[in-house]
Amino acid sequence: MTYPTPTTDGQSGFPHTRLLPHVPFPQPAQVQAQAAAPGKPGRDRYLDLLRSLALVRVVCYHLFGWAWLTVLFPSMGVMFALAGSLMARSLSRPAPGVIRGRIRRLLPPMWAFSVVVLALLLLGGWNPGKDPDSGGTWGWIGLVDYFFPVGAPSFPWHLGDKAGLLEDTWPAQAAGPLWYLRAYLWFVIASPLLLWAFRRVPWATLLAPLALTAVVGTGVVTIPGETGNAVTDFAVYGGCWVLGFAHHEGVLARVPRYLAVSCSSIVMAFGLWWASGHLGTDGWDLNDIPLAQAAWSFGFVAILLQYSPSWQELPGRLAKWDKLITLSNNRAVTIYLWHNMLIMATVPVIDLAYDLPFMEDARWSGALDTTYMLWMFVLTWPLIGLAVLGAGWIEDLAARRSPRLWPDGAKKAKKPAG
């Protein structure tokens with residue numbers, strides 16, 4: 001059974017083009033007045049909905065490998081934008097404390113995941129000191145990235161037997177998503193400077209990452225190794241992170257909607273045009289085309305945030321998904337970290353069905369072959385639920401909250417007095 005190789009959801013860029021006119025930045029008093037407005041919700045359920053959709057899309061992409069999903073909904077751009085908005089809100093407090101708090105929330109869930117992955121890698125026979133890409137002493141030193149992600153951690157691309165319980169590419173499947181934590185960490189550290197620059201020259205700061213991606217994401221300037229990957233990721237998603245600033249600070253709301261949507265559509269069209277001339281082996285997978293990924297994600301996110309309705313409660317039919325959306329937001333790090341390993345875990349479970357007596361009939365075994373990916377999809381979600389129960393509470397400890405097994409927002413019924 002094969003399953004798609006995870007990719008580092010994307011990279012791209014944008015040429016030096018000024019799309020939007022200068023809009024005066026709201027003065028601090030205005031921002032404070034908006035923040036103090038009565039009835040302003042503590043959580044924006046629209047943003048929570050976007051984060052949940054992004055997580056579902058990531059799981060589906062890593063399971064089915066459908067390239068068109070990167071066009072349908074650029075999840076990583078959305079997730080970085082939402083994180084940027086929250087970071088801007090937090091930076092109303094002193095920056096050192098905010099950065100320490102963000103890192104503190106990130107590391108314990110990562111440590112739990114990394115211990116499991118490293119144990120499996122080492123028990124499987126991987127020797128970091130003899131790794132062909134980063135062997136010797138540096139191979140062992142590089143394991144630090146599993147516990148403090150200043151870089152993407154190293155892992156063997158092949159380990160074990162193709163005919164084994166899992167395919168020999170399972171390390172890339174398991175450790176691949178950790179690139180996101182590296183990018184998130186660097187965005188957090190850079191945020192005080194980025195926000196300072198944004199408040200002084202908002203549009204230049206907003207468009208600078210796109211221009212940078214046009215340089216480092218197209219081969220004009222090539223930075224080798226892990227440093228190049230980190231710079232490219234920072235450039236590709238930097239525009240989305242700063243869009244989160246613009247959303248929180250009220251800059252996007254001051255741009256006429258017709259102008260924001262029109263300019264965003266032009267940027268997105270450019271991204272698709274660039275992708276059409278640089279298709280890789282996976283076709284329209286924007287993860288393989290940095291410039292297209294950055295342009296498409298930037299425009300897509302700008303439109304989503306421009307239409308942001310700031311719901312205090314989910315409206316209409318969306319209300320029935322309230323508990324799942326609350327749960328996924330409270331356990332976003334856990335779901336993101338563990339989902340790829342859980343997708344792989346469905347394979348040996350489903351393969352047990354081939355040992356059933358009636359599976360000797362070619363019709364039944366053929367039916368399972370045909371619907372194998374569907375069964376993987378169905379089984380992945382209960383496994384994610386088990387991961388939330390088993391490891392999700394670590395997110396609470398990292399946030400200095402009382403641990404909760406299933407934080408879906410449901411209120412426990414009070415026992416009657418007497």
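Buried residues are those under 20% relative accessible area, exposed residues those over 50%, and partly exposed residues those in between (1.4 Å probe, protein chains only). By this criterion Leu305 is buried, with a relative accessible area of 6%. The model is predicted: local features need pLDDT of at least 70, side-chain atom pairs count only at pLDDT 80 or more, and totals for chains, interfaces and linings use all residues. Residues are numbered from 1 along each chain as its sequence is written, and side-chain values use heavy atoms, with hydrogens and water left out.

Helices (H or I, at least four residues) and strands (E, at least two) are DSSP runs, numbered from the N terminus. Leu305 belongs to helix H13 (residues 290-306). Its C-alpha atom is separated by 8.2 Å from that of Leu243, 62 residues apart along the chain. A second pair spans a sequence separation of 284 residues: the C-alpha atoms of Leu55 and His339 are separated by 9.5 Å. Leu55 sits in helix H2 (residues 45-64). Leu55 is buried, at a relative accessible area of 5%.

Helix H10 (residues 225-249) was examined for span and bending. The helix has 25 residues and reaches 36 Å from its first C-alpha to its last. This is close to the 36 Å expected at 1.5 Å a residue, where the expected span is 1.5 Å times one less than the number of residues. H10 nevertheless contains a kink of about 45°, centred on Tyr237. The bend at a residue is the angle between axes fitted to the seven residues ending there and the seven starting there. Just after H10, Gly250 takes a positive phi of about 85°.

Positive phi also occurs outside glycine. Most residues other than glycine have a negative phi. Ser310 has a positive phi near 55°. Ser310 lies in the loop between H13 and H14 and is partly exposed, with a relative accessible area of 42%. Arg400, also not a glycine, has a positive phi of about 60°. Arg400 is in the segment after H18. At 66% relative accessibility, Arg400 counts as exposed.

The structure holds 11 salt bridges, each defined as a side-chain nitrogen of Lys or Arg within 4 Å of a carboxyl oxygen of Asp or Glu. Arg182 and Glu226 form one of them, with the closest N and O atoms 2.1 Å apart. The pair links distant parts of the chain: Arg182 is in helix H8 (residues 179-200) and Glu226 in helix H10, 44 residues apart. Arg182 is buried, at a relative accessible area of 2%. Glu226 is partly exposed, at 34%.

Asp396 takes part in two of the contacts described here. Its side chain meets that of Arg331 in a salt bridge (2.6 Å, N to O). Arg331 lies in the loop between helix H14 (322-330) and helix H15 (332-351) and Asp396 in helix H18 (residues 393-398), so the pair ties together parts that are 65 residues apart in sequence. Both Arg331 and Asp396 are buried. For Asp396 the relative accessibility is 0%. The side chains of Asp396 and Arg404 also meet in a salt bridge (2.8 Å, N to O). Arg404 counts as partly exposed, at 30% relative accessibility. Elsewhere, a network of salt bridges links Arg43, Arg45, Asp48, Arg51 and Asp322.

A search of the whole structure finds zero disulfides, a disulfide being a pair of cysteine sulfur atoms within 2.5 Å. Cys240 is buried, with a relative accessible area of 1%. Cys263 is also buried, with a relative accessible area of 10%.

On the surface, Trp138, Ile141, Val144, Phe148, Val150, Trp186 and Ile189 make a nonpolar patch of about 670 Å². Helix H6 (136-141) and H8 are the elements that give two or more residues to this patch. Patches are made of residues with over 30% relative accessible area and no salt bridge; like charges are joined within 9 Å, and nonpolar side chains (Val, Leu, Ile, Met, Phe, Trp, Tyr) within 5 Å. Accessible areas come from the Shrake-Rupley method with a 1.4 Å probe, and for residues only the protein chains shown count as cover. Trp138 lies in helix H6. At 66% relative accessibility, Trp138 counts as exposed.
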